[in-house]
Amino acid sequence: MNFQQFSTELIRQLTPMFPEDTQISTQAIPKNNGVFLEALIIREPGINISPTIYLEDYYSLYQEGTTLNEICHIICDVFLEVRLNHPVDPRFFTDFEQAKKHMVYQLVNYDKNEARLSDVPHIRYLDLVIIFCCMLRLENGETATILIRNEHLDLWKTDLETIKKQAFDNTPRLLPAYIQPITDAIRDLMESNESLERLLPLLERDAAPPLYVLTNETQICGAACMLYPSLLAEFADNIGKDLYILPSSIHEVLLLPTDTRCADEELCTLVQNINREQLPLTQQLSDTVYFYSRAAKALVV
């Protein structure tokens with residue numbers, strides 16, 4: 001059974017498991033770096049925000065031997081866990097006075113997203129691009145985001161500079177940054193990842209260079225934290241060193257303190273290998289290694 005047949009059969013088997021007036025369909029959702037992912041959309045009557053359940057992982061389960069019936073029950077459990085029980089007031093987005101309170105920015109790769117930028121307010125930054133969205137924290141603990149497009153500026157009768165100012169004010173407050181040694185971050189993840197457990201002793205050796213993880217409290221699109229005012233400057237001053245910034249993914253960057261800037265080729269190769277071998281395309285930020293200079297108080301390529 002190919003993926004399309006899997007999706008069709010999944011809908012057929014899921015439909016009787018929900019009330020009769022529930023609408024179940026699939027939709028190709030545009031994601032980062034020009035990728036489209038097939039998602040299952042389950043719309044309940046009277047509820048205007050539906051969970052997006054991406055199907056690629058479930059198809060992999062099916063290929064590994066999990067039955068369609070078992071997958072349907074897994075999806076039902078996931079849906080019940082994340083669904084909302086009531087509609088969301090649409091004015092949080094349609095009314096600019098409310099929408100501006102939820103505006104935040106994200107960092108993505110410019111070249112890999114260039115095709116969609118003609119319809120999206122954006123600001124170039126090095127080889128990256130700053131885009132904007134409205135983020136709503138839901139009662140079930142999840143967050144919902146809506147990418148801001150040019151049509152929304154028309155709806156709000158506003159412009160790029162206005163949403164830029166609002167998002168730059170909001171983002172560090174709504175999504176506070178934190179920096180921790182990579183060894184601490186790995187300890188947090190070790191229970192679910194044996195390869196990280198094997199890596200930890202290597203990073204704790206005296207000769208190993210110190211690495212720090214920079215992200216936000218949600219650990220979603222946390223690479224944008226490297227733009228937070230004074231954050232890199234204060235961290236670099238506290239440790240008394242310049243910084244290499246390795247774009248680990250759109251969700252975090254790695255900070256490598258350094259006394260002197262040296263050849264970047266080895267670090268670039270490391271980042272490229274991570275992108276090619278360990279990260280899905282949707283999570284990749286850049287192959288470029290950035291450098292923060294304390295003397296220049298600037299981030300450069």
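Analyst: A quick definition to start: contact means heavy atoms within 4.5 Å. The model is predicted, so local features need pLDDT of at least 70 and side-chain atom pairs count only at pLDDT 80 or more, while totals for chains, interfaces and linings use all residues. Residues are numbered from 1 along each chain as its sequence is written, and side-chain values use heavy atoms, with hydrogens and water left out.

User: Thanks! Where does helix 1 lie, and at what angle to strand 1?

Analyst: Helix 1 (residues 3-14) lies across strand 1 and strand 2, running at about 145° to strand 1. Helices (H or I, at least four residues) and strands (E, at least two) are DSSP runs, numbered from the N terminus. Axes are lines fitted to C-alpha atoms, for helices over the stretch in contact, with angles from 0 to 180 degrees between N-to-C directions.

User: What makes strand 1 and strand 2 a pair?

Analyst: Pairing requires at least two bridges found by DSSP between the strands. Strand 1 and strand 2 are joined by eight bridges and run antiparallel, so they meet that definition. One bridge partner is Leu40 in strand 2, matched with Thr26. The hairpin of these strands has five residues between them, and there Asn33 takes a positive phi near 65°.

User: And what joins strand 2 to strand 3?

Analyst: Three bridges join strand 2 (residues 36-43) to strand 3, again in the antiparallel sense. Ala39 stands opposite Tyr54 in strand 3.

User: Which strands are at the edges of this sheet, and why?

Analyst: The three strands form an open, antiparallel sheet in the order 1-2-3. Strand 1 (23-30) and strand 3 (52-54) each have a single partner strand, so one side of each is left without a neighbour in the sheet. The twist averages 35° from one strand to the next.

User: What is the order of the six-stranded sheet?

Analyst: Its open, antiparallel arrangement runs 8-9-11-10-12-13. Strand 8 (177-181) and strand 13 (298-300) are the edge strands, each pairing on one side only. The twist here averages 25° from one strand to the next. Strand 8 and strand 9 (residues 212-216) pair over five bridges in the antiparallel sense, and Tyr212 in strand 9 is the bridge partner of Pro181. Helix 12 packs on the sheet as well, touching strand 10 and strand 11, and its direction makes about 15° with that of strand 10.

User: How do you know that the length of helix 12 agrees with its residue count?

Analyst: The expected span is 1.5 Å times one less than the number of residues. For the 13 residues of helix 12 (residues 265-277) that should give 18 Å, and the end C-alpha atoms are 18 Å apart, which agrees.

User: Which residues of helix 12 are buried?

Analyst: They are Leu267, Val271 and Asn275. These cover an arc of only 75° around the axis, which puts them on the same side of helix 12. That arc is taken from the directions from the helix axis to the C-beta atoms. The buried residues pack against strand 10 (242-249) and strand 11 (252-258), whereas the face turned away from them carries the exposed Glu265, Glu266, Arg276 and Glu277.

User: Why is Lys297 called exposed?

Analyst: Buried means under 20% relative accessible area, exposed over 50%, and partly exposed in between (1.4 Å probe, protein chains only). Lys297 has 58%, so it counts as exposed. Lys297 is found in the loop between strand 12 and strand 13. Leaving aside neighbours within four places in sequence, Lys297 is in contact with Asp237 and Tyr292.
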